[in-house]
Amino acid sequence: MDDKPLNAKRTGDEKGDTRSSTQPHSEPKGLPQKAKIEVKHVILVLSGKGGVGKSTVSVNLAFALANHGKNVGLLDLDFHGPNIPKMLGIEGERAVAFANGMEPIHVTGNLAVMSIAFLLPDTSTPVIWRGPMKMRAIEQFLSEVHWGSLDYLVVDLPPGTGDEALTIAQLAPNVKGAVIVTTPQDVAVMDAIKAAKFIEKIDVPVIGVIENMSGMICPHCGGTINLFSKGGGEKAAGDLGVPYLGAIPLDPEMVKAGDEGRPIILRHADSPTGKAVDTVMENLVRLVES
Ligand SMILES: Nc1ncnc2c1ncn2[C@@H]1O[C@H](COP(=O)(O)OP(=O)(O)O)[C@@H](O)[C@H]1O
Ligand SMILES: [Mg+2]
């Protein structure tokens, strides 16, 4: 695609507005201002590696928080692999831009979602942007999307320690901290620790560590198979001196849920995996709101 951020479908009264709200304004100058978004707690979901389940955890945490009665926004900042819409079964949706901003996609009455995917012509169009373009898009996602008054904004980040995390940490108000998602094995834990140290360096506290894909219950014999080892998340939390938020099992239903666009917290709320997500969410809420 070209290098214009947020080239959304536009409707509404645009009279007198010669500058598209979806076009880049000038490059930000000087120290960045905090964006205008009404939110009590911004939670960044971060990992050192791709494929460890950040997007899955983001979607399920957002739903669990919404089920808990919170007003929740879910912001997909993975410009190069925006998976959140697919995981919610809303990949066909397109955001509508008005002269004064943009409407997020409302999944339920108290869960709204924004992703670059809602602004692309189709699911196979890549985003080829340098850092400043992403920065401008993130600023627009925060300031120009009609989020309403949020209790939580859950931010799904791309893997690693790049521009997106730096920018959201600078621009979002009330960033309560980051949750680090890791799988249990040493190679993932090593990178998770690096991601945690990166985010702490830019003055965002680590709220805690989640161990995802932690043990699988064999559907045949009921025994546990520790495919990716076990305990790495808890160990990482210990090494970092931050809370351990809990483990989410490796569960084939989780893959199905992601592919079919209906999060496991909705499909199988009472399964061990559904309950594990709830426990992680409750631990998070306790830490953030206490
Ligand atoms: N606990 C889990 N059990 C089984 N599969 C999982 C689990 N968590 C994530 N997955 C699957 O792993 C893949 C990668 O997950 P994803 O959330 O996209 O990772 P990331 O956002 O970190 O790149 C997806 O297919 C997802 O459904
Ligand atoms: Mg992802």
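A residue counts as exposed if 12 or fewer other C-beta atoms lie within 10 Å of its own, as buried if there are 20 or more, and as partly exposed in between. D203 has just 9 C-beta neighbours inside 10 Å, so D203 counts as exposed. The model is a predicted one, and that cut-off comes back for several residues below.

D203 is worth a second look for its backbone too. Its phi is near 65°, a positive value in a residue other than glycine. D203 sits in the loop that runs between helix 5 (186-201) and strand 10 (206-212). S229 does something of the kind, with a positive phi near 70° in a residue that is not glycine. Here the setting is the loop between strand 12 (224-225) and helix 6 (232-240). S229 has 17 other C-beta atoms within 10 Å, so S229 falls in the partly exposed class.

Stepping back to the whole chain, the secondary structure adds up to nine helices and 13 strands. The chain has 290 residues, and 48% of them count as buried. Contacts reach a long way along the sequence: taking those between residues at least 6 apart, 79% join residues at least 24 apart.

What about the interior? In soluble globular proteins, nonpolar side chains tend to be buried together. In this model the largest nonpolar core holds 86 residues, and the members touching the most others are L44, V45, A62, V154, V155, V179 and I180. Helix 1 gives the most to this core, namely eight residues. V179 shows how such a residue is surrounded: beyond its neighbours up to four places away in sequence, V179 touches I43, V45, I207, G208, I210, L245 and L284.

Helix 1 also packs against helix 9 (residues 272-289), with the two axes 9 Å apart and at an angle of about 75°. Angles of 65 to 115 degrees count as roughly perpendicular, so helix 1 is roughly perpendicular to helix 9. By class, this contact has six nonpolar residues, one polar and one charged. On the helix 1 side the residues are N60, L61, A64 and L65, and these meet V277, D278, V280 and M281 of helix 9.

Helix 1 turns up once more at the ligand. A shell of 17 residues surrounds ligand 1, and the closest are G53, K54, S55, T56 and G258. Two helices, helix 1 (54-67) and helix 7 (252-260), each supply at least two residues of that shell. Sorted by class, the shell has nine polar residues, six nonpolar and two charged.

Several other positions bring together parts of the chain that are well separated in sequence. G89 lies in the loop between helix 2 (84-87) and strand 4 (96-98). Its C-alpha atom is 6.5 Å from that of R262, although 173 residues separate the two along the chain. Leaving out neighbours within four places in sequence, G89 is in contact with G261 and R262. With 15 other C-beta atoms within 10 Å, G89 is partly exposed.

H80 is found in the loop between strand 3 (72-76) and helix 2. H80 and V127 are 47 residues apart in sequence, yet their C-alpha atoms are 5.9 Å apart. Apart from neighbours within four places in sequence, H80 is in contact with V127 and P158. H80 is partly exposed as well, having 13 other C-beta atoms within 10 Å.

E103 belongs to strand 5 (residues 101-103). Its contacts beyond four places in sequence are A95, V96 and H146. From E103 to W147 the C-alpha distance is 7.6 Å, for a separation of 44 residues in sequence. E103 has 18 C-beta neighbours inside 10 Å and so counts as partly exposed.

G131 is part of helix 3 (residues 131-143). G131 has 12 C-beta neighbours inside 10 Å, and therefore counts as exposed. The C-alpha atoms of G131 and G162 lie 8.9 Å apart, with the two positions 31 residues apart in sequence numbering.

Terms used. Residues numbered from 1 in each chain as written. Chains lettered and ligands numbered in written order. Predicted model: local features only at pLDDT ≥ 70, side-chain atom pairs only at ≥ 80, totals over all residues. Near = placed C-beta within 6 Å. Helix = DSSP H or I, 4+ residues; strand = E, 2+ residues; numbered from the N terminus. Nonpolar A, V, L, I, M, F, W, Y, C, P; charged D, E, K, R; others polar. Contact = placed C-beta atoms within 7 Å. Core = buried A, V, L, I, M, F, W, Y, C linked by C-beta atoms within 7 Å. Axes fitted to C-alpha atoms, helices over the stretch in contact; angles between N-to-C directions. Parallel < 35°, antiparallel > 145°, perpendicular 65-115°, else oblique.
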